[in-house]
Amino acid sequence: MDIRAFRSLRQLGALGALYAAMAAPCLGQVGFTITIDDPEGALSPWESQIESNLQAAGALWAAKLHGACTLWVHITPMADAGTLDCRSFTWSYFETLDNAIDVFETGASTHIRNGFPASSFDPDIELRISPLYLASELWMDPNPTERTEPVPANRIDGVSAFARELGYALAFDGWINGETGSFPGNSRSTFDRLIAFDGQEFAFVGSSATASYQGPVPLTFGLPFHLGNQSPRPGPVLLDDLMGGKPLQPGTRYNVSELDFAILRDARVPIAVPCPCDLTHDGFVDDADFGAFSLAYDFCDCTDPEMAAGCPADFTRDRMVDDSDYVIFVQGYEDFICP
Ligand SMILES: [Ca+2]
Ligand SMILES: [Ca+2]
């Protein structure tokens, strides 16, 4: 089908409405189940607080995750010298670029997209916690969903700390060397593949994040799955983001930022976007968006190197920009103004 054959996009309005309804987001339906493997009881004094604060941290991300599933977070204690460490337990093959580069996504991302995990015997996320760090530096919020009690000035907010860790497990991770920009092999995470390195600075160049930040998003030199740098490197303002390139500050409560969600979207974590057809990010779905969509439709394959980074016109998330995306676009065009 040549989409330009439709002289009036409104001809397809009813069909578009049908597809849009089928693609309606299931918001707030991603939950978390937590298991703790702690035979020595090192974490036992804090078990219920860990659970409540981690659940609240998960809810901060789940507010925009598009899916219906329960992610499994498995917790173990780590040596006292450490702090927190969180990673995706499994990585799922996503696609191959240029017949050479294999792209992998986090287990959580796969689980959210499919509604079931890649392996039902393995957790999606592993979180290691140092008992000493918990005892001496973290503050477990007694009302972690309300988040109204003042955070003690000398303590790091537990909900914020767990939310940051979950960020790594959802998408802020990969294999790039944060100083040389090289990779140990042919594998890339969905985050890695959107990192640009000019020999001096790292930037995240996904289209949603770039639109949110209004330019390539500076990544931390040496810590490339974090945002911002100390001056004179770029992006000092981003250091205060939940996923910023400096440690979380005591006495401070952090939230997931719009930029964090935009990065997840670019990294192909299923995120509910209120107005996905606004490809130019100006609040309207108009002819400029139609132009951007047409270009993507002509390329069709999300792995085409000419395709916009993150393949934002693939509304159905099946790695092709085709007729099923077109009918969704038509509905957006019909609505014109973003909600
Ligand atoms: Ca637009
Ligand atoms: Ca599609």
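How many bridges join E3 to strand E6, and in which direction do these strands run relative to each other? The legends below, which describe close-up views of a predicted model, take up this pairing before turning to other parts of the chain.

**View 1. Pairing of strands E3 and E6 in the mixed sheet.** Strand E6, which spans residues 125–129, is joined to E3 by five bridges, and the two strands run antiparallel. Within this pairing, Cys86 stands opposite Leu127 of E6. The open sheet to which both strands belong has four strands in the order E1-E2-E6-E3, and its pairing is mixed. Strand E1 (29–36) and strand E3 (84–88) are the edge strands, each of them pairing on one side only. From one strand to the next, the twist averages 20 degrees.

**View 2. Helices H2 and H3 against the mixed sheet.** Strand E6 (residues 125–129) is joined to E3 by five bridges in this sheet, on which helix H2 packs by touching E1, strand E2 (68–77) and E6, with the direction of H2 making about 155 degrees with that of E1. Helix H3, made up of residues 107–114, also packs on the sheet, where it touches E1, E2, E3 and E6, and the direction of H3 makes about 155 degrees with that of E2.

**View 3. The crossing of helices H2 and H5.** The axes of helix H2 (residues 47–62) and helix H5 (residues 158–170) come within 8 Å and cross at roughly 55 degrees, and the two helices are therefore oblique to each other. The crossing of H2 and H5 is right-handed. On the H2 side the contact is made by Asn53, Leu54, Ala56, Ala57, Gly58, Leu60 and Trp61, which meet Gly158, Val159, Phe162, Ala163, Leu166 and Leu170 in H5. Sorted by class, the residues in this contact of H2 with H5 comprise 10 nonpolar, three polar and no charged ones.

**View 4. The antiparallel sheet E10-E11-E12-E13.** Four strands form this open sheet, in the order E10-E11-E12-E13, and their pairing is antiparallel. Strand E10 (195–197) and strand E13 (223–227) stand at the edges with a single partner strand each, so one side of each has no neighbour in the sheet. With direction ignored, neighbouring strands of this sheet are turned by 45 degrees against each other on average. Three bridges join E10 to strand E11 (residues 202–204), and these two strands run antiparallel. Ala196 stands opposite Ala203 in E11.

**View 5. Two backbone details in loops.** As background, most residues other than glycine have a negative phi, and most peptide bonds are trans. Arg147, in the loop between strand E7 (138–139) and strand E8 (156–157), has a positive phi of about 60 degrees although it is not a glycine. The peptide bond from Ser231 to Pro232 is cis, with omega near 10 degrees, and Pro232 is found in the loop between E13 and helix H7 (258–266).

**View 6. The contact between domain 1 and domain 2.** The domain assignment of the chain gives domain 1 as 3–25 + 273–335 and domain 2 as 29–266. Taken over C-alpha atoms, the centres of domain 1 and domain 2 are separated by 30 Å. In the contact, 10 residues of domain 1 touch 12 residues of domain 2, and the residues on the side of domain 1 that touches domain 2 divide into five nonpolar, three polar and two charged.

Definitions and conventions. Residues are numbered from 1 along each chain as its sequence is written. Chains are lettered from A and ligands numbered from 1 in the order in which they are written. This is a predicted model: local features need pLDDT of at least 70, side-chain atom pairs count only at pLDDT 80 or more; totals for chains, interfaces and linings use all residues. Axes are lines fitted to C-alpha atoms, for helices over the stretch in contact, and angles run from 0 to 180 degrees between N-to-C directions. Angles under 35 degrees count as roughly parallel, over 145 as roughly antiparallel, 65 to 115 as roughly perpendicular and the rest as oblique. A crossing is left-handed if the near helix is turned anticlockwise from the far one by less than a right angle, and right-handed if clockwise. Two residues are in contact if their C-beta atoms, placed from the backbone, lie within 7 Å. Ala, Val, Leu, Ile, Met, Phe, Trp, Tyr, Cys and Pro count as nonpolar, Asp, Glu, Lys and Arg as charged, and the others, Gly among them, as polar. Two strands pair if DSSP finds at least two bridges between them. Domain bounds come from an automatic or database domain assignment.
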